[in-house]
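Student: Can we go through this one together? I'd like to start with strand pairing and see where it leads.

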Amino acid sequence: MSSQNADGIDAAYKDLKNLLPDLQRWVTTISNEQDTRLKMIDPIFIRVLGWDPSAIATEEYTGEGFVDYKFSIDDRARMVVEAKQDGTDLGIAKRTPGKPYKLDGPVLRQKPLPLDGIIQAIRYCGAKNAELACVTNGREWIIFRGSRLGDGRDTLNGMAFIFPTLESVEKNFTLFFDLIGRSRVEKYIFRAYFQEAEGQIIRAKSFSRTLWAINGYRLIERSPLSQDIDRVMTTFFRRISGDDDPEMLAKCFVTTKESQLADERLIRITDELATRVRDLDTNEATALTQVIKRIHETQRNEFVLLVGTKGAGKSTFMDRFFRYVLPKEVQDVCIVARLDVGNSHGDTETVVQWLDRCLLDELEQTLFGEGGPTYEELQGMYFDEYTRWIRGPHKFLYETNKTEFKEIFGTHIDNRREQHPEDYIRRMIRHIVFSRRKVPCLVFDNTDHFSIRFQEKVFQYARSIYESEMCLVLIPITDKTSWQLSQQGALQSFDNEAFFLPTPQPRIVVERRISFLEDILKNERREKGKGYFFGKGIQLSLDDLQGFVTCLQHVFLETGSVSSWIGNLANNDIRRCLHLSREIVASPYLRVVDLLKAFIAKSGYQISEFDIKRAIIRKGYNIYPTGQNEFVQNVFALNTEVESTPLLCLRILRLLRDAKHHEAGGLEDYVIIEQTLDYLQALNIDRRATLLCLDAMLKTGLCYSYDPTIQDIHKVDKIQISTSGHQHLLWGSWDDTYIGSMLKVTPIVNETVYNSIHSLETQDKDIRWRLELIIFMQYLLDEDNTFIIDIDHPAYLGQLKLKQAIKKKIRKLQTDKEEKSNI
């Protein structure tokens with residue numbers, strides 16, 4: 001393979017220079033077309049142009065013949081090559097290298113060659129739906145578009161670039177590589193050359209400028225009081241689990257009917273298991289044997305799935321359940337070992353070893369503390385083995401030297417622990433049941449951070465313990481993962497209890513935190529250096545804190561749709577909702593300090609939705625901080641690697657939104673990636689541009705993958721719009737504050753438009769921002785029109801409505817501007 005990197009033209013040129021002496025030597029040994037392909041064409045494509053042999057198919061049947069070469073990217077045909085024997089002259093030897101010639105012009109319409117080869121390649125391109133074509137004998141090269149992809153033009157009216165010799169390839173290598181180099185074909189670079197050669201206007205990319213430098217954002221200074229308030233927000237709105245604050249965990253968890261039902265059923269299950277343990281404790285030995293057999297034979301144990309959406313609080317539910325919900329008398333007979341599978345490496349090949357090691361360490365720590373088990377405890381765990389040694393192979397050693405016997409047995413156990421951890425784990429579980437008379441509760445948390453195959457491995461591991469030992473196994477998973485595993489058989493093969501936890505509304509979550517603060521304030525002692533808040537490192541006075549709590553109520557519970565925005569942008573992930581809430585209050589745009597002072601002074605002060613939106617969009621910066629806001633994305637410049645319409649992201653969101661609306665509530669609201677690419681390609685949108693945009697959308701949470709563990713768009717089969725995607729679609733097509741923030745940092749490729757907006761700096765502020773929006777939004781539509789072919793069909797009605805919504809917004813802004821000017 002070539003030494004070049006994925007896009008390295010310099011390395012490719014070096015490879016060509018190294019190959020040329022070999023080609024000159026091999027050309028004298030060629031006697032037929034197969035020789036030409038093996039010794040001339042194959043080395044150039046593979047060693048120089050970067051095509052992997054796995055992407056090259058030869059002699060595929062097309063219905064009318066066999067295509068010499070088909071080159072594919074992502075399993076889609078991209079180029080057809082028609083090979084001719086080296087001794088066959090293509091008739092271009094005296095032509096200008098790198099110059100475009102008309103396919104039906106006098107140079108290329110000569111018969112039999114090159115015209116017959118060109119027509120043959122065009123026919124094969126049609127059969128394989130490939131766009132690019134090449135006719136070559138290894139020395140002479142003719143490169144052209146063998147398919148126009150439905151632009152309505154005759155293919156033979158197109159242009160071809162010719163390279164009459166290998167020396168001309170070397171001298172014009174940049175053009176040659178840009179036309180048929182693998183990395184360039186993947187990005188459709190060749191289209192620009194053909195469009196230019198065919199006289200189509202190509203806008204120079206020399207101008208592309210943002211009104212503000214993208215990296216020119218800076219933090220706005222905050223007051224000391226504001227920084228103290230941020231400490232409060234960090235304490236109460238940053239964490240969700242409450243590991244370091246059991247009181248907050250107990251009081252801030254949002255209970256629902258489903259969570260209460262799950263509480264009750266888990267208590268019942270745990271109590272039943274505890275009853276079995278107590279029964280074991282009171283029966284005679286013979287009855288105990290029968291009970292053990294009955295437990296094993298009737299599978300008297302429990303396997304519980306806790307199902308909920310991402311961020312529903314599944315881990316928090318379990319923490320809270322075992323600490324506060326489970327009755328004390330049942331709590332006392334439970335030993336909980338929680339394994340955070342999210343800390344694993346995610347390798348399916350070694351996950352069992354990881355689970356063995358971590359579960360062993362967790363059980364040892366929980367049962368025996370830092371020092372581990374005593375010799376006597378180990379002897380009890382391995383009593384059957386100990387007895388076998390005494391009666392069998394080590395009988396005489398036991399009778400003659402018990403100390404040495406014990407040392408050897410201790411070494412044996414230690415070896416078993418290292419070499420057979422699964423057996424050691426099962427013996428600890430039995431120790432919990434039979435020696436301590438308690439219920440082993442094994443929690444495998446955060447398994448759904450990884451692939452379905454990985455999760456199946458964890459389920460099988462947990463299942464193996466469940467089948468052999470009396471225990472309670474709990475596994476929290478997302479609703480999507482539950483469905484996928486049930487379809488693939490991982491959950492069909494055995495019985496299990498399943499409890500569903502719906503995601504609580506963000507408004508209720510925030511309200512519960514605020515209520516918790518209020519309750520503490522009512523009972524807070526006023527002595528300096530004492531009290532709950534002082535223990536958290538918070539130095540604000542109680543009056544300030546009471547005012548702050550009132551501010552929180554005003555911002556989150558009394559101001560418009562703020563809690564809805566938070567939930568949508570955080571995709572209803574409660575951890576992220578709390579994170580965003582903290583960022584909002586910490587933002588200088590909110591001026592919480594002024595609101596707090598107004599409360600203390602008992603004067604009026606209001607926070608507008610405009611300020612809250614700016615706090616969400618800009619955080620603590622003077623402009624939208626590109627790449628620094630995990631909740632808000634610039635939909636007009638989500639990906640700029642391939643030139644396309646700035647409305648591409650909104651168009652994709654609208655497509656996904658229409659699919660979800662049409663098939664609400666079912667799996668049909670997922671859209672197949674290939675269908676998305678085909679749908680947008682019909683609008684004349686480049687497939688690579690769509691893929692790059694989809695990849696950015698997936699990684700920023702604007703859409704979901706059918707398999708939530710996959711974040712590479714090339715590995716995704718289906719996608720669905722997210723709640724964040726819905727919010728961005730709404731804001732991106734209508735909201736003044738959002739669009740106004742993004743116009744400052746969106747690259748503008750029309751110099752006239754850029755200068756028009758820039759010249760408005762002297763205008764009245766109220767009129768200026770409306771004019772800026774009008775010019776920018778019209779620019780978005782104009783740019784869109786240069787790329788898009790509108791289709792009048794019911795399937796594309798949503799795309800037309802998107803443009804209509806933007807036009808309606810422009811008309812509204814124009815009306816508002818005129819009314820403002822007349823005042």
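Tutor: Keep in mind that this is a predicted model. Strand β1 (residues 56-61) pairs with strand β2 (residues 66-73) in the antiparallel sense, over five bridges.

Student: Which residue in β2 stands opposite Thr58?

Tutor: Tyr69 stands opposite Thr58. Tyr69 also has Arg37 over its face, at 4.9 Å from the ring centre.

Student: And the hairpin of β1 and β2, how many residues are between the strands?

Tutor: Four residues lie between them, and one residue of the hairpin, Gly63, takes a positive phi near 100°.

Student: Which residues other than glycine have a positive phi?

Tutor: Asp75 is one of them, with a phi of about 65°. Asp75 lies in the loop between β2 and β3 (76-83). Arg437 is another, with phi near 60°. Its place is the loop between α19 (421-435) and β10 (439-445).

Student: Is Asp75 buried or exposed? And what about Arg437?

Tutor: Asp75 counts as exposed because its relative accessibility is 82%, and the cut-off is over 50%. Arg437 has a relative accessible area of 27%, so it is partly exposed.

Student: Back to Tyr69. Which cluster of ring pairs is it in?

Tutor: Ring pairs link Tyr69 into a cluster with Tyr13, Phe45, Trp51, Phe71, Trp141, Phe163, Phe173, Phe176 and Phe177.

Student: How many aromatic pairs does the structure hold?

Tutor: There are 33 aromatic pairs. One of them is Trp389 with Phe405: the ring centres are 6.0 Å apart and the planes are at 75°, so the pair is edge-to-face.

Student: Where do Trp389 and Phe405 lie?

Tutor: Trp389 is in helix α16 (residues 383-391) and Phe405 is in helix α18 (residues 402-419), so the pair ties together parts that are 16 residues apart in sequence. Both residues, Trp389 and Phe405, are buried.

Student: What about Phe450 and Phe454, what sort of pair do they form?

Tutor: A tilted one, with 4.6 Å from centre to centre and 50° between the planes. Phe450 and Phe454 are both buried.

Student: Which ring does the charged end of Arg209 sit over?

Tutor: The ring of Tyr754, with the charged end 5.2 Å from the ring centre.

Student: Now cores. How many residues are in the largest nonpolar core?

Tutor: The largest nonpolar core has 81 residues. Ile616, Val632, Phe636, Met697 and Tyr738 have the most contacts inside it. Apart from that core lies another of 43 residues, with Phe303, Ala337, Leu442 and Phe450 among them.

Student: What is Met697 in contact with?

Tutor: Leaving aside neighbours within four places in sequence, Met697 contacts Leu638, Cys649, Ile652, Leu653, Leu656, Leu702 and Cys703. Met697 is also one of the buried residues of α31.

Student: How many residues does α31 have, and how many of them are buried?

Tutor: Twelve of its 13 residues are buried, so it counts as mostly covered. The buried residues include Arg687, Arg688 and Asp695 as well as Leu691 and Leu694.

Student: How far does α31 reach from its first C-alpha to its last?

Tutor: Helix α31 (residues 687-699) reaches 18 Å, close to the 18 Å expected at 1.5 Å a residue.

Student: Different topic. What is the order of the open sheet of three strands?

Tutor: The order is β13-β15-β14, with antiparallel pairing. β13 and β14 are the edge strands, each pairing on one side only.

Student: How many bridges join β13 to β15, and how many are there between β14 and β15?

Tutor: Two bridges join β13 (residues 671-672) to β15 (residues 718-721). Strand β14 (residues 703-705) pairs with β15 over three.

Student: Which residues stand opposite Ile719?

Tutor: Ser705 stands opposite Ile719, and so does Val671. The bridge partner of Ile672 in β15 is Lys718.

Student: Last one: where is Leu19, and what does it touch?

Tutor: Leu19 is in helix α1 (residues 9-26) and is buried, at a relative accessible area of 0%. Not counting residues up to four places away in sequence, Leu19 touches Trp26, Pro43, Ile44, Arg47 and Val48. Leu19 and Ile44 are 25 residues apart in sequence, with 8.1 Å between their C-alpha atoms.

Notes: Residues are numbered from 1 along each chain as its sequence is written. This is a predicted model: local features need pLDDT of at least 70, side-chain atom pairs count only at pLDDT 80 or more; totals for chains, interfaces and linings use all residues. Side-chain values use heavy atoms; hydrogens and water are left out. A nonpolar core is a set of buried Ala, Val, Leu, Ile, Met, Phe, Trp, Tyr and Cys residues joined through side-chain atoms within 4.5 Å. Buried means under 20% relative accessible area, exposed over 50%, partly exposed in between (1.4 Å probe, protein chains only). Contact means heavy atoms within 4.5 Å. Two strands pair if DSSP finds at least two bridges between them. Rings of Phe, Tyr and Trp (its six-membered ring) pair if their centres lie within 6.5 Å; planes under 30 degrees apart count as stacked, over 60 as edge-to-face and the rest as tilted. A charge sits over a ring if NZ of Lys or CZ of Arg is within 6 Å of the ring centre and within 35 degrees of the ring normal. The expected span of a helix is 1.5 Å times one less than its number of residues.
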